[in-house]
Amino acid sequence: MEYTGEKELLEDFSTGKEEACAYIYHRYFASICLFASSFVDETKESEDIAEESFIRLWQSKRNFESLHHLKAALYQTARRLGINYQTSRQRRINRVDAYVRLQDQDQSNQLQEIVYTETMSELYDALKKLPPKARQIVELTYLEGYSNQEVADLLHINIQTVKNQKLRALSLLRKLLSRNSFHYLISIVFFSSEI
């Protein structure tokens, strides 16, 4: 149907006549679609926003004073839908980013656990190769957390003997362990701060 008067077109549109909606749609779709493209990246998405704008305005059965008023309402509806789309999209991106960060963190924690387990396994194997007294002193001080004085008292030996045995054990472990494992052991030594 071809409309000759603005008033008749607006009345038909406000009462929900499909012919009036189709006429308005064909007249303004390209402009609304172009405007909607400022909110989205894909042409299909901007077309969806434009179509939804027409549908919502048509279903609202509002009365418009002029075609300019109707066109302004279309732009406003498209703007609101575009902003809603952007907000929804940003929420999805944030959820995906949070999920990826969590997965990366879990993977990093698992890798740290593997490194720790492998290093400790290598350390325990190397400890078995130490002389018995040196092994006992290393286990008591570095693995069980006793001080040099507590080990000396526990084993009924001189504190200097404890220190000498620890140094001897570290020298032997340096030869038995891989470089990384030895550095890990040294970091434990520095945290305990007593040699």
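## Working through an all-helix chain

His156 sits in the loop that links helix H6 (148-155) to helix H7 (159-176). The model is a predicted one, so take the exercises below as reading practice on that prediction.

### Exercise 1: a loop histidine

**Task.** Work out which sign phi has at His156, and whether this residue is buried or exposed.

**Solution.**
- Start with the backbone. His156 is not a glycine, yet its phi is positive, at about 55 degrees.
- Now the surface. The relative accessibility of His156 is 72%. The cut-off for exposed is over 50%, so His156 counts as exposed.
- For another positive phi, look just after H5: Gly145 has one of about 85 degrees.

### Exercise 2: the overall form

**Task.** Say how many helices and strands the chain has, and decide whether the chain is spread out or a compact globule.

**Solution.**
- Count the elements: there are eight helices and zero strands. Read from the N terminus, that gives α-α-α-α-α-α-α-α.
- Next, the radius of gyration. For 195 residues the globule rule gives 16 Å, but this chain comes out at 38 Å, well over that value, so the chain is more spread out than a compact globule.
- Check the principal axes too: the C-alpha trace spans about 110 × 25 × 20 Å along them.
- As for burial, 31% of the 195 residues count as buried. The accessible surface is about 12,900 Å², and carbon and sulfur atoms hold 50% of it.
- Finally, take the contacts between residues at least 6 apart in sequence: 56% of them join residues at least 24 apart.

### Exercise 3: helix H5 and Thr141

**Task.** Check what span helix H5 should have, then describe where Thr141 lies and what it touches.

**Solution.**
- H5 covers residues 132-143, which makes 12 residues. At 1.5 Å a residue the span should be 16 Å, and the end C-alpha atoms are 15 Å apart, which agrees.
- Several H5 residues are buried: Ala134, Ile137, Val138, Leu140, Thr141 and Tyr142.
- Zoom in on Thr141, which lies in H5. Its relative accessibility is 4%, so Thr141 counts as buried.
- A polar atom of the Thr141 side chain lies 2.8 Å from the backbone oxygen of Ile137.
- Skip residues up to four places away in sequence, and Thr141 touches Tyr146, Ser147, Asn148, Val151 and Lys166.

### Exercise 4: two nonpolar cores

**Task.** Find which residues touch the most other members of the largest nonpolar core, and which helix gives the largest share of that core.

**Solution.**
- The largest core has 25 residues, and the ones that touch the most other members are Phe13, Ile24, Tyr28, Leu70 and Leu74.
- The elements that each give two or more residues to this core are helix H1 (6-14), helix H2 (18-36), H3 and H4. The largest share, eight residues, comes from H2.
- Follow Leu70 as an example. Leaving out its neighbours within four places in sequence, Leu70 is in contact with Leu10, Phe13, Ile24, Tyr28, Leu57 and Phe64.
- There's also a second, separate core of 15 residues, with Met120, Leu127, Leu170 and Leu185 among them.
- As background, nonpolar side chains in soluble globular proteins tend to be buried together.

### Exercise 5: the loop before H4

**Task.** Locate Ser66 and say which residues it is in contact with.

**Solution.**
- Ser66 belongs to the loop between helix H3 (43-60) and helix H4 (67-127).
- A polar atom of its side chain lies 3.2 Å from the backbone nitrogen of His69.
- With neighbours within four places in sequence set aside, Ser66 is in contact with Glu6 and Leu10.

### Exercise 6: two pairs of C-alpha atoms

**Task.** What separates the C-alpha atoms of Ile83 and Glu6, and what separates those of Ala22 and Phe54?

**Solution.**
- Ile83 is found in helix H4. With a relative accessible area of 31%, Ile83 is partly exposed.
- Ile83 and Glu6 are 77 residues apart along the chain, and 31 Å separates their C-alpha atoms.
- Ala22 is found in helix H2 and, at 34% relative accessibility, counts as partly exposed.
- Ala22 and Phe54 are 32 residues apart along the chain, with 9.4 Å between their C-alpha atoms.

Terms used. Residues numbered from 1 in each chain as written. Predicted model: local features only at pLDDT ≥ 70, side-chain atom pairs only at ≥ 80, totals over all residues. Heavy atoms only, no water. Helix = DSSP H or I, 4+ residues; strand = E, 2+ residues; numbered from the N terminus. Expected span 1.5 Å × (residues − 1). Buried < 20%, exposed > 50% of the residue type's maximum accessible area, 1.4 Å probe, protein only. Polar contact = N/O pair within 3.5 Å; in protein donor to acceptor, adjacent residues only side chain to side chain. Contact = heavy atoms within 4.5 Å. Core = buried A, V, L, I, M, F, W, Y, C linked by side-chain atoms within 4.5 Å. Rg over C-alpha atoms; globule rule 2.2 N^0.38 Å. Areas by Shrake-Rupley, 256 points an atom, 1.4 Å probe, with all protein chains shown as cover.
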